[in-house]
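Got your viewer open and your selection syntax warmed up? Here is a walk through the model, stop by stop, with what to pick at each one.

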Amino acid sequence: MAVAARSIQRTRRVKLQVFRYVTFAIAALFFLVPIAAMFEFSTRDNAGARTLEYWRSIPAYPDLTDAIVASLQLALITSLTMLVLLVPTMVWVRLKLKRLNRIVEFVCLLPLTIPAIVLVVGLYPVYFWLAENLSDSILTLALAYVVLVLPYCYRALDSGLGAIDVKTLSEAARSLGASWFDVMWRVIVPNVSNAILNATLLSVALVLGEYTIANNLLYNNLQVELVHLARDNAGVSIAVAVAALLFAFLLLVGIAFVGGRPRRGRSDSLDVTGLGKGPVQAT
Amino acid sequence: MSGRKGVEVRLENLVRRYGTVTALDGLSLTLAPGELVALLGPSGCGKTTALRLLAGLEESDGGRVVIGGDDVTGLPANKRNIGMVFQAYSLFPHMVAWENVAFGLQMRQVGTAERKKRALDMLELVGLERFANRYANQMSGGQQQRVALARALAIRPQVLLLDEPLSALDAKVRSRLRDEIRRVQMEVGITTLFVTHDQEEALAIADRVGVMQAGKLEQLGPPTLVYSRPATPFVADFVGLTNRMEGTVRSGAVEVRGQSIPLVHPDVADGPATALVRPEAVSIAGDGGAARGPLVGTVIAVAFLGAVSRVTVDLGDTTVLAQLPTSAASEHPAGSKVQLTLRPDPVLIQREEPAPAGS
């Protein structure tokens, strides 16, 4: 009986593994085939011969380089602004203003229900005023992007904060002499680091892929520049698109790797001469 | 680390309201240096609110908190030098045990070497030096609460606050950790306020027990006094089991089913009243047999509690609980007829409105 049960379990495990690999393979194909097709297109000339001319000519477009730099700067500013605004607000609402939780959630999720083009209509007078009175730098787009990424980042952070007892941990830290800054920096942030990482990944991905707002407010970010380039030279445009996708992928993997490194196995553990490795004594 | 070196703590006329609900209604309480006072009461009686006001985690609507002669009412929690152990597990999950214990020292700018040394000392005090490099999720609930105790004590606080630290633990661990807390508290000599709803815990651990109801202190005194001489019917009811027996007050005593029992507070008017009689004051005089009388009844249940048993006796118009040594209780199985006697320990009475409740 036991042998038969083990055999059934093994068969189930194998089936599950196969299912996982097949699902992964289909998902990978779904993403990789278009990229491979783009790569193929960007490495052939008009006569169909293999060439790297489009790739080589990417640096020859200075506007493109500027747009890439601007998009990266926007991603950085947006992510930082979002974290600085959202994390303390959400923690404070959980600690002191629980009755406002629903309102904050509603406000944060609101941009999700508003089409980007409608956002642009609302933002236009603001940006017009900004350009006239303060600055017409592309980096001011970060203000709009913070609003744009709010729903996604709110959800990511909310699940992270929901996984820990924010109130008890904060009160414990306060009773031990921690200022509110220390509570945030030394207690809350390390315990929601995964949620912060997820929120950052989402925010970077959204900003790098944003087109509608930038284009309609007449700013040239990476996506806008790609569209302009496509009109001028489709080959280079596709080459840049592939390069941008690969770059974004590597950037996100890099952020995930740096932010998600496990803290275990650090060198600052206390030397208790090999103690603490025995079985857990139940008390 | 022995000897009493705690400070006096005074809560003076503390008031705390949440909207229309008054959680604390003029609470005054003084803890002597090095004393452990347990605040006991049902949920919502205000005991945790009192503790949180003392910790500075909430602001009062009136009254003062004085620690070691200093008025700390307006000070935020992080400036009060108070150690606290919470009901919920409160170890920082991203830190190992020694880092948790050293956290308060880090906030006080203590150097790394000194921090580590003191953290290890504290873990040794609670018997967990072996677990210094373990994370919270690698420890049992009891171990986590011991580390939390070490963490609270590491900062050498003036006052230690324990907010139902044992309630999440199973009975055996709870009893062991309760003794451990008392040992450590005595060793450190720190003034301690312990909040619990578990009367056994409060009576076992405290120098004095304060019983609270509706934001007020009903009685404050040594555990034996609170148990044997409850100041009010609420205290009698809340601390230990109580039989409610109809009787008549006559000349400073209450006559219950033909037996006269002295009153805790004899200066009350004569008349009908309900006497609150402890189960251990009820004993079985012998086999009821064919005897008749107001204290003859039938055993309807015997609950085995270890060394003692609780016998429920049906007297016809009411049931009475008697707590006896198990050997004595075993002689009277369910269905047998018994004759009860009431020990003449002073009792409280309760009366219907408008007479005062505590007489």
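Where along chain B is the place of Gly74(B)? Select Gly74(B) and you land in the loop between strand S5 (70–71) and strand S6 (82–85) of chain B. Helices (H or I, at least four residues) and strands (E, at least two) are DSSP runs here, numbered from the N terminus.

Before moving on, some housekeeping. This is a predicted model, where local features need pLDDT of at least 70 and side-chain atom pairs count only at pLDDT 80 or more, while totals for chains, interfaces and linings use all residues. Residues are numbered from 1 along each chain as its sequence is written, and chains are lettered from A and ligands numbered from 1 in the order in which they are written.

Still on Gly74(B): buried or exposed? Gly74(B) counts as exposed because it has 11 C-beta neighbours inside 10 Å. The cut-offs: buried means 20 or more other C-beta atoms within 10 Å of the residue's own, exposed means 12 or fewer, and partly exposed is in between, with C-beta atoms placed from the backbone. Add Glu59(B) to the selection: its C-alpha atom is 8.0 Å from that of Gly74(B), with the two positions 15 residues apart along the chain.

**The sheet before the loop**

Next, pick S2, S1, S4 and S5 of chain B, which form an open four-stranded antiparallel sheet in that order. Strands pair if DSSP finds at least two bridges between them. Strand S2 (21–31) and S5 of chain B are at the edges with a single partner strand each, so one side of each has no neighbour in the sheet. In the middle, strand S1 (residues 9–18) and strand S4 (residues 62–67) of chain B pair antiparallel over five bridges; look for Val15(B) opposite Gly62(B) in S4(B). Now show helix H1 (residues 47–55) of chain B, which packs on the sheet and touches S1, S2 and S4 of chain B. The direction of H1(B) makes about 115° with that of S1(B). Axes are lines fitted to C-alpha atoms, for helices over the stretch in contact, and angles run from 0 to 180 degrees between N-to-C directions.

**The strand after the loop**

Step to S6(B), covered on both faces: Ile82(B) and Met84(B) are buried on one side, Gly83(B) and Val85(B) on the other. That fits a general pattern: in a regular strand the side chains alternate between the two faces of the sheet. S6(B) pairs in the parallel sense with strand S7 (residues 159–163) of chain B over four bridges, and Ile82(B) stands opposite Val159(B) in S7(B).

**Across to chain A**

Colour by chain. How many residues of chain B are in contact with chain A? There are 36, meeting 26 residues of chain A, where contact means C-beta atoms, placed from the backbone, within 7 Å. S6, helix H2 (97–107), helix H3 (112–125), helix H4 (141–154) and helix H5 (171–188) of chain B each supply at least two residues of that side. H2(B) gives the largest share, four residues.

Zoom in on H2(B): nine of its eleven residues are buried, so the helix is largely enclosed by the rest of the structure. Among the buried ones are Trp98(B), Val101(B) and Phe103(B). The buried residues of H2(B) pack against H3 and H4 of chain B. Just after H2(B), check Gln109(B), whose phi is positive, near 60°.

**A helix pair in chain A**

Select helix H6 (residues 141–162) and helix H9 (residues 193–208) of chain A, whose axes come within 8 Å and cross at roughly 160°. That makes H6(A) roughly antiparallel to H9(A); angles under 35 degrees count as roughly parallel, over 145 as roughly antiparallel, 65 to 115 as roughly perpendicular and the rest as oblique. Residues in the contact include Tyr145(A) and Leu148(A) of H6(A) and Leu202(A) and Leu206(A) of H9(A).

**Last stop**

Back in chain B, select S15, S19, S16, S17 and S18, an open antiparallel sheet of five strands in that order. Strand S15 (282–287) and strand S18 (319–325) of chain B are the edge strands, each pairing on one side only. The twist averages 45° from one strand to the next. Finish at Ile284(B), opposite Leu340(B) in S19(B).

Notes: Two residues are in contact if their C-beta atoms, placed from the backbone, lie within 7 Å.
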